[in-house]
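Here are some short exercises to work through with the model open beside you. Try each task before reading its solution.

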Amino acid sequence: MSIFGAMDVSATGMTAQQTRMDTIAENIANVNTTRDGKGNVYRRKTVVFEEKSYPTFSESLRLADSRIGKGVKVSRIVEDPSQGNMVYDPSHPDADEDGYVTYPNVNTVTEMTNMIDATRAYEANVTVLNATKGMATKALEIGQS
């Protein structure tokens with residue numbers, strides 16, 4: 001793998017984790033949202049990653065024995081199908097006929113744990129990027145001698 005290839009893999013990881021952090025932040029921001037513009041309850045969103053694919057068959061064949069991936073990408077953002085939290089509050093304007101309000105299926109503790117995980121993964125990719133940059137710099141310094 002080339003130095004630029006290693007940097008590209010780290011960059012794809014950072015981009016994917018940034019999307020994950022943005023999605024988690026959206027979930028936390030909507031933890032108390034009882035309805036959207038269409039009247040629906042907000043549903044927790046999660047990010048699905050997959051390995052970046054090779055664009056052509058010849059490239060796949062050429063890189064088949066190297067066993068080095070091309071990084072990661074966000075394949076889609078999906079909604080969690082689980083039910084929202086029902087809270088008894090008959091005075092709330094969004095309460096149903098039994099007095100219950102449906103809040104989003106967002107658990108702040110889970111979201112914060114996922115945020116820490118995404119942050120650590122992002123930091124790991126930054127460390128790899130900096131190490132790769134340091135190796136490239138050292139190689140240039142050796143070449144100057």
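A surface patch is made of residues with over 30% relative accessible area and no salt bridge, and nonpolar side chains are joined within 5 Å. Please keep in mind that this is a predicted model.

**Exercise 1.** Which residues form a nonpolar patch on the surface, and with about how much accessible area together?

Solution. Start with methionine 86, which lies in strand 3 (residues 85-88). Its relative accessibility is 46%, so methionine 86 counts as partly exposed. Next take tyrosine 100, located in strand 4 (residues 100-103). Tyrosine 100 has a relative accessible area of 35% and is partly exposed too. Both values are over the 30% that a patch asks for. Together with Tyr88, these two residues make up the nonpolar patch, whose accessible area is about 340 Å².

**Exercise 2.** What is tyrosine 100 in contact with, leaving aside its neighbours within four places in sequence?

Solution. From strand 3, look at Met86, Val87 and Tyr88, which are among the contacts of tyrosine 100. Then add Asp94 and Ala95 to the list. For a backbone view, turn to aspartate 89: its C-alpha lies 5.7 Å from that of tyrosine 100, although the two are 11 residues apart in sequence.

**Exercise 3.** Is glutamate 111 buried or exposed?

Solution. First locate glutamate 111 in helix 3 (residues 108-144). Its relative accessible area is 1%. The cut-off for buried is under 20%, so glutamate 111 is buried. Finally, see what surrounds it: not counting residues up to four places away in sequence, glutamate 111 touches Ile24, Asn27, Ile28, Arg44 and Val106.

How values were computed: Residues are numbered from 1 along each chain as its sequence is written. This is a predicted model: local features need pLDDT of at least 70, side-chain atom pairs count only at pLDDT 80 or more; totals for chains, interfaces and linings use all residues. Side-chain values use heavy atoms; hydrogens and water are left out. Helices (H or I, at least four residues) and strands (E, at least two) are DSSP runs, numbered from the N terminus. Buried means under 20% relative accessible area, exposed over 50%, partly exposed in between (1.4 Å probe, protein chains only). Contact means heavy atoms within 4.5 Å. Patches are made of residues with over 30% relative accessible area and no salt bridge: like charges are joined within 9 Å, nonpolar side chains (Val, Leu, Ile, Met, Phe, Trp, Tyr) within 5 Å. Accessible areas come from the Shrake-Rupley method with a 1.4 Å probe; for residues, only the protein chains shown count as cover. A salt bridge is a side-chain nitrogen of Lys or Arg within 4 Å of a carboxyl oxygen of Asp or Glu.
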